[in-house]
Amino acid sequence: MHSKFIALLGGAALSLGLVNAASAADLAARPYTKAAPIAVAMYNWTGFYIGANGGWASSHKCWDYAGTVAVPLAVNVAEGCHDASGGTIGGQIGYNWQAGSWVFGLEAQGNWADLSGRNVSIAFPGFTNRSRIDAFGLFTGRVGYAWNNALLYVKGGAAVVSDKYNYYNTVTGVDVGTASETRWGGTVGAGLEYGFTPNWSFGVEYNHIFLDARNISFASPAQTVDRIHQDVDMVTARINYRFGGPVVAKY
């Protein structure tokens, strides 16, 4: 009886060992499966865009009397400076292409403006000088760095403004001389743009326009000439719609 019990125990242990060995073999044979990568949605700035802008601008203008067309002065006479300030509204169109986190672009912008200012002439107090800018355009390249849907950029290029000038009798307000011109210069600026949907973005931008100095001839009986120096500082809010350029997946 005792020997039969021992034999039964031995058989049970042997069977259990064979089962465990088979299970271990099955586990070792299972192939290793790598976890699937997780896709992260990344904002894509590439594509054509069109938009609108509006804000405030100020043009600093200094006038120096330079004589007449027939008799120019050897040394100009300072007449003082003023700021021609006011609102502006317009639109822009451009194209961005993105390489990694860097964004490169080209843009053309055109604005209507109502920038006006005046000062009584220091040299000739009987007259008041007045300046006005009623339109301008910017043609620029842009370089920016994107943190997903936030874009910080700098820009630079050419600028053109439509200027009007006149001077009038300080007491009576009657015009004495008038002039107008289209003046070209350069511009630099910087901005921050935020994409709040895959195609819409909102931004704020600052630009400085360099316009140097030019001799301006006035239509008046004396055909007077003033050398006028000016530049422009401008801050605008912008909204853009970008065509194409869906959100891309980054793994």
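**Asn 53**

I began with the side chain of Asn 53, which makes a polar contact with the side chain of Asn 111 at 2.8 Å; the model I am reading is a predicted one. I placed Asn 53 in strand β2, and I then asked myself whether Asn 53 is buried or exposed. Asn 53 has a relative accessible area of 4%, and because buried means under 20%, I entered Asn 53 as buried. Leaving aside residues up to four places away in sequence, I listed what Asn 53 touches, and among these residues are Ile 89, Gly 90, Gly 91 and Gln 92, as well as Gln 109, Asn 111, Thr 236, Ala 237 and Arg 238.

**The barrel**

I next looked up how the strands are arranged, and found that eight of them close into a barrel, in the order β2-β3-β4-β5-β6-β7-β8-β9, with antiparallel pairing. Neighbouring strands of this sheet are turned against each other by 15 degrees on average, with direction ignored. For one pairing I went into detail: β5 and strand β6, the latter covering residues 150-169, pair in the antiparallel sense over 20 bridges. Following Val 143 across to β6, I noted Val 154 as its bridge partner.

For the chain as a whole I recorded one helix and 10 strands, and reading from the N terminus, the elements run α-β-β-β-β-β-β-β-β-β-β. Of the 251 residues in the chain, buried ones make up 37%. Among contacts with a separation of 6 or more, I noted that 69% are between residues 24 or more positions apart.

**Aromatic residues**

How many aromatic pairs does a search of the whole structure find? I wrote down 13 aromatic pairs. One of them is Tyr 65 with Phe 124, an edge-to-face pair at 5.2 Å centre to centre and with 80 degrees between the planes. This pair links distant parts of the chain, as Tyr 65 is in strand β2 (residues 47-68) and Phe 124 is in the loop between β4 (102-120) and β5 (127-147), 59 residues apart. Phe 124 is partly exposed, with a relative accessible area of 33%.

I then turned to Tyr 241 and Phe 243, which also form an edge-to-face pair, here at 5.1 Å centre to centre and with 80 degrees between the planes. Tyr 241 counts as partly exposed at 28% relative accessibility. Why does Phe 243 count as partly exposed? Its relative accessibility is 47%, and because partly exposed lies between the 20% limit for buried and the 50% limit for exposed, I gave Phe 243 that label.

I also noted a cluster, in which Trp 63, Phe 127, Tyr 165, Tyr 167 and Phe 218 come together as one aromatic group. A charge over a ring went into the same entry: the charged end of Arg 142 sits over the ring of Tyr 153, at 4.3 Å from its centre.

**Trp 184**

My last entry concerns Trp 184, which lies in strand β7, residues 175-195. Trp 184 has a relative accessibility of 52% and therefore counts as exposed, the cut-off being over 50%. I looked up which residues Trp 184 touches, not counting those up to four places away in sequence, and found Phe 139, Ala 158, Ala 159, Val 160 and Leu 211. I also checked Trp 184 against Phe 210: the two are 26 residues apart in sequence, and their C-alpha to C-alpha distance is 8.7 Å.

Terms used
Residues are numbered from 1 along each chain as its sequence is written. This is a predicted model: local features need pLDDT of at least 70, side-chain atom pairs count only at pLDDT 80 or more; totals for chains, interfaces and linings use all residues. Side-chain values use heavy atoms; hydrogens and water are left out. Rings of Phe, Tyr and Trp (its six-membered ring) pair if their centres lie within 6.5 Å; planes under 30 degrees apart count as stacked, over 60 as edge-to-face and the rest as tilted. Helices (H or I, at least four residues) and strands (E, at least two) are DSSP runs, numbered from the N terminus. Buried means under 20% relative accessible area, exposed over 50%, partly exposed in between (1.4 Å probe, protein chains only). A charge sits over a ring if NZ of Lys or CZ of Arg is within 6 Å of the ring centre and within 35 degrees of the ring normal. Contact means heavy atoms within 4.5 Å. Two strands pair if DSSP finds at least two bridges between them. Axes are lines fitted to C-alpha atoms, for helices over the stretch in contact, and angles run from 0 to 180 degrees between N-to-C directions. A polar contact is a pair of N or O atoms within 3.5 Å; within protein, one must be able to donate a hydrogen and the other to accept it, and residues adjacent in sequence count only if both atoms are side-chain atoms.
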